[in-house]
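Take the chain below from its core outward. Start at one residue pair, then widen the view.

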Amino acid sequence: ITGPGTSAMDPSVVDSFAFAFDIDGVLIRGGKPIPEAVEAMKVLNGENEFGIKVPYIFLTNGGGKFETERCRDLSQQLEIEVSPGQFICGHTPMREFADRYGTILVVGGEGEKCREVAESYGFRDVITPGDILKANAATAPFRRLTETEHRNSRDLLARGGKLSDIVVEAVFVFADSRDWASDLQIILDIAQSKGGRLETRSETFDEGPPIFFSHNDVLWSAAHEHARLGMGALRKIVETVFEDTTGGRKLKTHAFGKPQVSTFEFATRLLQQWRASQHGLSEAKPPATVYFVGDTPESDIRGTNAMNEVSENEWYSILVKTGVYQEGTEPKYKPRKLVNTVLDAVNHGIRREM
Ligand code: G3P
Ligand code: MG
């Protein structure tokens, strides 16, 4: 027999609330844990005055690695076991598009990693900017592939034809670009092509394939004291330069990640599965409150507040001061609670409940 609001497997696990965490600027900065983050995880795992354990998941806009690799890193950094069953990164929801498109262009990340991730999601024919540059070096006049890049890039011409035989059905920006100029050129070439056919130019500029970004963060919190430019900045440049080079035609691209409500809904499903598989809680009945802890008002707080509007349960936004948000400024999207660190956020949520 278990007490009210606790689980059958472990009676100290609470059923009525849960936490979801942003990563960069909340738990990690520049590859290193924010000191209070390690302590915050301990508190959630039972080292608190009430002796309770609180289920939690991670929801980052970042990406560029397999979810399993990222969880391994996070486990080390936070000194806990993090499972892919409690982790969503910017490109995770792209998985659901694998059956929809044949040939796709995948942009961003280190080396071949994002191609490998896309293939692991089930995408059947994944080409990269490196493949295009290998086939036609004139695509980006100042970009020279390194020897390794040249070796790893696939030979598109070995398919027996010309580049213009290849039709890109969708562009997916999986992770931050490592070479903005050549990636920008290649994305724009495809956006301005005849229906995604490489090396062609549309006369009407309205027939390019869809372009998806894994998130829309213009800024994010890395090692530097000031926030750094992120994928949302590249997205803005793509859209602006498209307009400038097509006589004013508008390009509408799409973004996954926070603050999209669909991303938070994806997170809700994951949280429910995680609570059930890990803690034996009901998968059908969500916790009454989910505390979301983030550092970026435009994505974390905006998305959590929007989710609170549409969801049956409460989504409670907590903004920390360790990342993009700068103390003393007025956040564009107001959190339910502003605190210094993730440890304060966890303590606030637990005390509000108990
Ligand atoms: O590129 C990563 C970044 O834009 C944000 O990551 O963890 O703060 O959502 P996160
Ligand atoms: Mg963040």
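**From a tyrosine pair to the whole chain**

Tyrosine 291 stands opposite tyrosine 316, a residue of β14. The model is predicted. Strand β13 covers residues 289-294 and strand β14 covers residues 314-319. The two run parallel and are joined by 6 bridges.

Now follow the sheet outward. β13 and β14 belong to an open sheet of 6 strands. The order is β5-β4-β1-β13-β14-β15, and the pairing is parallel. Which strands stand at the edges? They are β5 (87-88) and β15 (337-338). Each has a single partner strand, so one side of each is left without a neighbour in the sheet.

Helices come next. Helix α8, residues 261-279, packs on the sheet. It touches β1 (17-21), β4 (56-59), β5 and β13. The direction of α8 makes about 150 degrees with that of β4. Helix α9, residues 297-310, also packs on the sheet, touching β13 and β14. Its direction makes about 160 degrees with that of β14. β13 is thus named in both contacts: α8 touches it, and α9 touches it.

How do these helices meet? Two packed helices are described by the angle between their axes and by the distance between the axes. For α8 and α9 the angle is about 75 degrees, and the axes are 9 Å apart. Angles of 65 to 115 degrees count as roughly perpendicular, so α8 is roughly perpendicular to α9. On the α8 side, the contact uses Val261, Thr263 and Phe264. On the α9 side, it uses Gly303, Ala306, Met307 and Val310. By class, this contact holds 5 nonpolar and 2 polar residues, with no charged ones.

Step back along the chain to the start of α8. Proline 259 sits in the loop between β12 (254-255) and α8. The peptide bond leading into it from lysine 258 is cis, with omega near 10 degrees.

Another loop links α2 (67-78) and β5, and glutamine 86 lies in it. Is glutamine 86 buried or exposed? It has 23 C-beta neighbours inside 10 Å, and therefore counts as buried. Leaving out residues up to four places away in sequence, glutamine 86 touches Tyr56, Ile57, Phe58 and Trp274. The link to tryptophan 274 spans 188 residues in sequence. In space, the C-alpha atoms of glutamine 86 and tryptophan 274 are 6.2 Å apart.

Glutamate 79 is in the loop between α2 and β5 as well. Its phi is positive, about 60 degrees, although it is not a glycine. Glutamate 79 counts as exposed because it has 12 C-beta neighbours inside 10 Å. Phenylalanine 205 also has a positive phi, near 55 degrees, and is a residue other than glycine. Its place is the loop between α6 (180-191) and β9 (211-213). With 19 C-beta neighbours inside 10 Å, phenylalanine 205 counts as partly exposed.

Finally, take the chain as a whole. It holds 10 helices and 15 strands. Buried residues make up 46% of its 354 residues. Of the contacts between residues at least 6 apart in sequence, 67% join residues at least 24 apart. The C-alpha trace spans about 70 × 40 × 40 Å along its principal axes. Why does the radius of gyration agree with a compact globule? For 354 residues, such a globule would have a radius near 20 Å, and the chain has 22 Å.

How values were computed: Residues numbered from 1 in each chain as written. Chains lettered and ligands numbered in written order. Predicted model: local features only at pLDDT ≥ 70, side-chain atom pairs only at ≥ 80, totals over all residues. Helix = DSSP H or I, 4+ residues; strand = E, 2+ residues; numbered from the N terminus. Rg over C-alpha atoms; globule rule 2.2 N^0.38 Å. Buried ≥ 20, exposed ≤ 12 C-beta atoms within 10 Å, placed from the backbone. Contact = placed C-beta atoms within 7 Å. Pairing = 2+ DSSP bridges. Axes fitted to C-alpha atoms, helices over the stretch in contact; angles between N-to-C directions. Parallel < 35°, antiparallel > 145°, perpendicular 65-115°, else oblique. Nonpolar A, V, L, I, M, F, W, Y, C, P; charged D, E, K, R; others polar.
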